[in-house]
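Okay, thanks for coming, everyone. Let me put the model up on the screen, and then I'll talk you through it.

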Amino acid sequence: MIGGPPAPRSRRLYRLLLGLYPPALRDGFADVQADAFEDWLSEARARQGLAGVAGVWGQAALDWSWSMLLAYRDAASPAGAAQLISGLLLALALALGMWSLIGASMLGHVAWATDFVETHTTPNTWMALGAPCAALVLAAMVNPWRSGRLTPLLKLSAAVCGSAWSLAVLTWRG
Amino acid sequence: MAPVRGPLGHVELQILVNLAAGPSHGYELMRAIGVSSGGRLKAGPGTLYVAMKRLVDAGLAEELSPPQATGRQRRTYAITSRGHAVMREELARLRDIVDHAAAAGWLEGPRGAIP
C-alpha cells in the first residue's frame, strides 16, 4: 500500500470489498463510493502519511462492516431470508479476516501490536487465521459465486466455514 | 418510489441539510457532515451511500449528472422538492423536542453538558 501509487491499488481492493454489497446498492453506488474512498485516502495520505492511510483503512473497515449490515437489512425481504443470513455470516467472516490481515500487516510498525502478539498468540496463528479468510475474500469476488441458483447455499457454506475457522483459531491462540 | 420509513436517520437528515445548501458529491458530503455535526458524526463512504440510496429511492434526493462512460465518475446529488418538505418536517419535529427539553430546563448549563 505504501510506496508507489497507493490510491489506485487501495481503490481496487476497496472496490473488491464493495462487490459483497447487495446487488441493488453495488450496481448503483459502488463506483462512486470507491471514488469517495479514494478522495478520503488521498487527503489523509497527504496530511498524515502512513498513519493517515492506516487510520482511513481502519475506519473504512468498520464503516464497510456496518454499512454491509445496513444494506442487507434494507434489501431484506421474507423471500430473501437465506441471502440475508448468508450475507451477515459472510460479513462476519470477512470482517474477521480483514482485521487479521490489517493486524498482521501492522505488526512491524506498531509496538503494542507486536507486544500483543508475543503475549497472546504466535505469528503462526495469525497466518492460520489470515490465510483462509483472505482466500475467502478472494473467492467471494469470483463471478460464478455471485450468480446462479446455488449462490445462497455456497455463500452460506463458505461463511459458516470461514466464521467457524476464524473463531476456532482465535480461541486456540496457537 | 419507496416510502420514507419513520423519522429520518441522523445521516439522512445531515445529507439533506447539506444538499439544501447546494448539489454535492460523496466526499464533499462526508466532510460537510463532519463539519456540520461539530465532528460528532463521521459518515464513511459505506454509511453515506447506504443513506443516499434510501434518499434516492424515496425521491428525497436525485442524481444530477449521469455517470461517465470512462474515467472518474464524479456523481453529484441534489435535494428534491419532496426532500425539502421532508427535511423541514423533520427539523420542525426535532425543534419541538428541543423546545420541550428547554422548557423543562434540560438545556441549561454549558453546551453538551446535561445537568
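Before we look at helix packing, one convention: the axes I'll quote are lines fitted to C-alpha atoms, for helices over the stretch in contact, and the angles run from 0 to 180 degrees between N-to-C directions. And please keep in mind that this is a predicted model.

So let's start at a place where the chains meet. The axes of helix 2 of chain A and helix 2 of chain B come within 8 Å, crossing at roughly 55 degrees. These two helices are therefore oblique to each other. Who is actually meeting whom in helix 2 of chain A and helix 2 of chain B, which residues? From helix 2 of chain A you have Val32(A), Gln33(A), Asp35(A), Ala36(A), Asp39(A) and Trp40(A), and they meet Gly26(B), Tyr27(B) and Met30(B) in helix 2 of chain B. Sorted by class, that contact has five nonpolar, two polar and two charged residues.

Now zoom out to the whole interface. On the chain B side, 18 residues are in contact with 20 residues of chain A. Helix 2 (26-36) and helix 3 (45-57) of chain B each give at least two residues to the side that touches chain A. Which element of chain B supplies the largest share of that side? That would be helix 3 of chain B, with nine residues. As for character, the chain B side splits into eight nonpolar, five polar and five charged residues.

Those two chain B helices also pack on one another. Helix 2 and helix 3 of chain B have axes 10 Å apart, at an angle of about 105 degrees, and they are therefore roughly perpendicular to each other. The residues that meet are Gly26(B), Leu29(B) and Met30(B) from helix 2 of chain B, and Pro45(B), Leu48(B) and Tyr49(B) from helix 3 of chain B. Here the class count is five nonpolar, one polar and no charged residues. Gly26(B) and Met30(B) are worth a second look: they sit in this contact, and they also meet helix 2 of chain A.

Okay, the core. In soluble globular proteins, nonpolar side chains tend to be buried together. In this model the largest nonpolar core has 44 residues, and the ones touching the most other members are Ile15(B), Met30(B), Leu48(B), Met52(B), Leu55(B) and Ala61(B). Both chains contribute: helix 1 (6-18), helix 2 (23-48) and helix 3 (50-75) of chain A, plus helix 1, helix 2, helix 3, strand 3 and helix 4 of chain B, each supply at least two residues.

Take Ala61(B) as a case. Leaving out residues up to four places away in sequence, Ala61(B) touches Ile15(B), Leu19(B), Met52(B), Leu55(B), Val56(B), Tyr77(B), Ala78(B), Ile79(B), Thr80(B) and Gly83(B).

Two of those, Ile15(B) and Leu19(B), are among the buried residues of helix 1 (residues 10-20) of chain B, along with Val11(B), Glu12(B), Gln14(B), Leu16(B) and Asn18(B). What covers them? The cover includes strand 1 (24-25), helix 2, helix 3, strand 2 (61-63), strand 3 (76-79) and helix 4 (81-103) of chain B. Just past the end of helix 1 of chain B, look at Gly22(B), which takes a positive phi of about 150 degrees.

Stepping back to the chains themselves. Chain B has four helices and three strands, in the order α-β-α-α-β-β-α from the N terminus. Chain A has eight helices and zero strands. Of the 174 residues in chain A, 30% are buried; for the 115 residues of chain B, 30% count as buried.

One spot in chain A: Ala76(A), in the loop between helix 3 and helix 4 (81-106) of chain A. Ala76(A) is partly exposed, with 16 other C-beta atoms within 10 Å. Its C-alpha lies 9.5 Å from that of Pro22(A), though the two are 54 residues apart in sequence.

Last, confidence. Chain A averages a pLDDT of 70, and 40% of its residues score at least 70. Within chain A, helix 2 has the highest mean, 90, and helix 7 (residues 143-146) the lowest, 44. Over residues 142-150 of chain A the pLDDT is below 50, and that stretch has five contacts in the model beyond near neighbours in sequence. Where pLDDT is low, the predicted coordinates should not be read in detail.

Definitions and conventions. Residues numbered from 1 in each chain as written. Chains lettered and ligands numbered in written order. Predicted model: local features only at pLDDT ≥ 70, side-chain atom pairs only at ≥ 80, totals over all residues. Contact = placed C-beta atoms within 7 Å. Nonpolar A, V, L, I, M, F, W, Y, C, P; charged D, E, K, R; others polar. Buried ≥ 20, exposed ≤ 12 C-beta atoms within 10 Å, placed from the backbone. Core = buried A, V, L, I, M, F, W, Y, C linked by C-beta atoms within 7 Å. Parallel < 35°, antiparallel > 145°, perpendicular 65-115°, else oblique. pLDDT = per-residue confidence, 0-100.
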